[in-house]
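Grab your viewer and a coffee. Below are a few exercises with worked solutions, to be done with the model open beside you.

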Amino acid sequence: MSLLENIRGPRDVKALAAEELDELAEEIRHFLIHAVARTGGHLGPNLGVVELTIALHRTFDSPSDRILWDTGHQSYVHKLLTGRQDFSKLRSKGGLSGYPSREESEHDVIENSHASTVLGWADGLAKANQVLGHWNRHVVAVIGDGALTGGMAWEALNNIAAAKDRQLIIVVNDNERSYAPTIGGLANHLATLRTTDGYERFLARSKDAVQRLPLLGKPLYESLHGAKKGFKDAFAPQGMFEDLGLKYVGPIDGHDVAAVESALRRAKRFHGPVLVHCRTEKGRGYKPALDDDADRFHTVGVMNSLTGEPLTPSTGTSWTSVFGDEMVRIGAERPDVVALTAAMLHPVGLTKFAEAYPERVWDVGIAEQHAAVSAAGLATGGLHPVFAVYATFLNRAFDQVLMDVALHKCGVTFVLDRAGVTGTDGPSHNGMWDMSILQVVPGLRIAAPRDATRLRAQLREAVDVSDAPTVVRFPKATVGEDVPAVDRVGGMDVLVRADEPDVLLVAVGTMAEAALEAASLLRARGTGCTVVDPCWVKPVDPELPRLAAGHRMVAVVEDNSRTGGVGWAVAQALRDADVDLPVEAMGIPEQFLPHAKRGEVLADLGLTPAEIAGRISAVLARRKGGGAAVPACEENHA
Ligand SMILES: Cc1ncc(C[n+]2csc(CCOP(=O)(O)OP(=O)(O)O)c2C)c(N)n1
Ligand SMILES: CC(=O)[C@@H](O)[C@H](O)COP(=O)(O)O
Ligand SMILES: [Mg+2]
């Protein structure tokens, strides 16, 4: 039996002899490469924290000591060491989540996979320990160098550093990368610290020599150890962390378990906030990952574990690449169009734009709020910024969209990739809130293209708007065949007309495909359906109420939260136009969605052609049976 197989929890990790740890690390790497090759997942980040995680669980007593992970994508090793070794269904329905999960384990705390929040969690937990007198409980926050570029991390650091008497341990997992090499002044500073022999090591090395001095030795060593910052800097820059008031320990080789353990034990003895700076390597121990300049196998699909080659190469064109190609064309015609990314240049499809116009694209780090405000500045300065970001990550920049971009009527275009159900990446990755939260932003317009042709057209319409924010959103999927329109009403595309229309079915974006199938099911039942694609879902097209008036009901299908979504906006527009019709708003219920494939989630939510048709038939039956008219926008389903 291997060492890893004998590990049921942290106690078993502690029980291992020091000389067994390298073997354990090797077994873990081998396990990760083969398991994640079968399922897909975050391979590179986890290969980089093998020794670090072993040392954490040997030094601290989880779960009474809290070990917290920022973003949580690098928590596979933590899972392996805390009794979860069945990775056969990683990120699949009913299998292990790709992130920490309280439901899975008492050792897990933060399930949220949005970066830069771990220090805030740690600040709160440390305060709770202090107030409740849990002096013997440690709080350890692991944060990557990328996540450290997020503003929230610095809000927390400001508070943590002020509390000299509150113990809290920050472990910086510094592998010099987010996806790509981490950018900014902070990254440069970390590089300085990384390359400087830590003051602690200087002291350790000189300790014997100094202490051997007769009489003066010990007092001299003590004064050296307690030396003021200026003196320390003479030997090794302690950097801004010490300036902030944090004790800095490092840099430590994050792949040397003994060294990390020693540093953590020193930190554990320190009664105040302390930062342990670990240098690690993303993709460590796996050549295909180390050779991957793009992102060191940050996320991989199912692949050949020997070569790292994808086993299920993506078939078809992704929405992301359609966007990326059109941006290059727009960039050639519009020298004022510039682009922004929050540490995800390649994943959001801006690689080609950056290659073509390197001086017109900025990676701002994991700093979506900054990106939105900087975009307001860029627009005010005479440019048209396109901020490409995953829909779920724009949530945190809502106030900046509202108060910096929209209030000042800035022409900024937000391109939201991964909009709608993403599925396997868990509850915090679904892009299911944008068309709800952005409904309240005055002047902001939202486009939800149904196919590649509409994406290209609507992106161009968006960058032509210079006095308001615009949003173009699309899912994580390959783009389907174009869906032609048979007519145009106002700004809306009519996809199907009925001779005797009973239902106006409003299909938002890529839900057009399901809506058209539902319409044909309804037609077979003798129910006439007009299917319309609003194209721009916000504001609701002024012609929609008039179009609806010729029907017996309206149904709206959207890959977004039903609460406050397009369905609600359509119902409001009908009421405002005194069109008294029932509106069946079909979207994602107000809940967090457990991880599963996108298709599985949509089926579970009833967003399938058969379910859509069934719900429409039920409303019509109630109407025909003289049942109480279904009030507009009443949510008819739990
Ligand atoms: C708010 C937010 N923006 C973007 C992302 C996407 N993202 C996930 S991991 C990652 C890079 C994280 O870099 P780092 O913190 O250094 O961790 P590493 O992967 O290097 O271990 C990014 C940008 C995210 N999860 N949350
Ligand atoms: C952890 C994180 O936020 C990213 O790595 C995300 O999981 C990537 O998602 P995609 O795989 O859809 O690009
Ligand atoms: Mg990193």
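UniProt positions are given here in the numbering of this model, with feature names shortened, and such annotations may be inferred rather than shown by experiment. One thing before we start: this is a predicted model.

**Exercise 1. Find the span that UniProt lists as "domain: Transketolase-like pyrimidine-binding" and describe its ends and its helix and strand content.**

Step 1. The record, an unreviewed entry, gives residues 317–481 for this domain.

Step 2. Now put a ruler between the C-alpha atoms at the two ends of 317–481: they lie 10 Å apart.

Step 3. For content, the span comes out as 38% helix and 16% strand.

**Exercise 2. List what surrounds ligand 2, then sort the shell by class and by domain.**

Step 1. Going along the chain, you should pick up T71, H73, S113, H298, T299, P347, R418, T422, D425 and K476.

Step 2. Sorted by class, the shell of ligand 2 holds 1 nonpolar, 6 polar and 3 charged residues.

Step 3. Check the domains: domain 1 (4–196 + 237–290) and domain 2 (319–473) each supply at least three residues of the shell around ligand 2.

**Exercise 3. Do the same for ligand 1, and say which residues come nearest.**

Step 1. There are 25 residues around ligand 1, and the nearest of them are A115, G144, G146, A147 and S178.

Step 2. By class, the ligand 1 shell splits into 9 nonpolar, 12 polar and 4 charged residues.

Step 3. Here too, at least three shell residues come from each of domain 1 (4–196 + 237–290) and domain 2 (319–473).

**Exercise 4. Which residues does the UniProt annotation "binding site" cover, and is D145 buried or exposed?**

Step 1. The unreviewed entry marks D145 and N175. These positions spread over 31 residues of sequence, yet they cluster in space, with a largest C-alpha distance of 6.9 Å.

Step 2. Locate D145: it sits in the loop between β2 (139–144) and α7 (151–162).

Step 3. Count neighbours. The cut-off for buried is 20 or more other C-beta atoms within 10 Å. D145 has 26 C-beta neighbours inside 10 Å, so it counts as buried.

Step 4. For contrast, try K352, in helix α16 (residues 351–356). Because it has 15 other C-beta atoms within 10 Å, K352 is partly exposed.

**Exercise 5. Work out how β14 is covered and what it pairs with.**

Step 1. Start with burial: 5 of the 5 residues of β14 (residues 503–507) are buried, so the strand is largely enclosed by the rest of the structure.

Step 2. Next, the faces. In a regular strand, side chains alternate between the two faces of the sheet. In β14, V503, L505 and A507 point one way while L504 and V506 point the other, and all are buried.

Step 3. Look for partners. β14 runs parallel to β15 (residues 529–533), with 4 bridges joining them, and L504 has T530 of β15 as its bridge partner. To get from β14 to β15 the chain passes through helix α22 (residues 512–524), in a right-handed β-α-β crossover.

Step 4. β14 is also joined by 5 bridges to β17 (residues 553–561), again in parallel. There, L505 is bridged to A555.

**Exercise 6. Move over to β15 and check its faces and its antiparallel partner.**

Step 1. β15 is mostly covered, with 5 of its 5 residues buried. On one side are C529, V531 and D533, on the other T530 and V532, and all are buried.

Step 2. The antiparallel partner is β13 (residues 492–496), which pairs with β15 over 3 bridges.

Step 3. V531 is the residue to click on: it is the bridge partner of V496, and L505 stands opposite it as well.

**Exercise 7. Trace the chain from β4 to β5 and give the handedness of the crossover.**

Step 1. In β4 (residues 247–253), 5 of the 7 residues are buried, so this strand is largely enclosed by the rest of the structure.

Step 2. β4 and β5 (residues 273–279) run parallel and share 5 bridges; D253 is partnered with R279 in β5.

Step 3. Between them the chain crosses through helix α13 (residues 257–269), and this β-α-β crossover is right-handed.

How values were computed: Residues numbered from 1 in each chain as written. Chains lettered and ligands numbered in written order. Predicted model: local features only at pLDDT ≥ 70, side-chain atom pairs only at ≥ 80, totals over all residues. Buried ≥ 20, exposed ≤ 12 C-beta atoms within 10 Å, placed from the backbone. Pairing = 2+ DSSP bridges. Right-handed = clockwise from strand over helix to strand, strands pointing away. Near = placed C-beta within 6 Å. Nonpolar A, V, L, I, M, F, W, Y, C, P; charged D, E, K, R; others polar. Domains from an automatic or database assignment.
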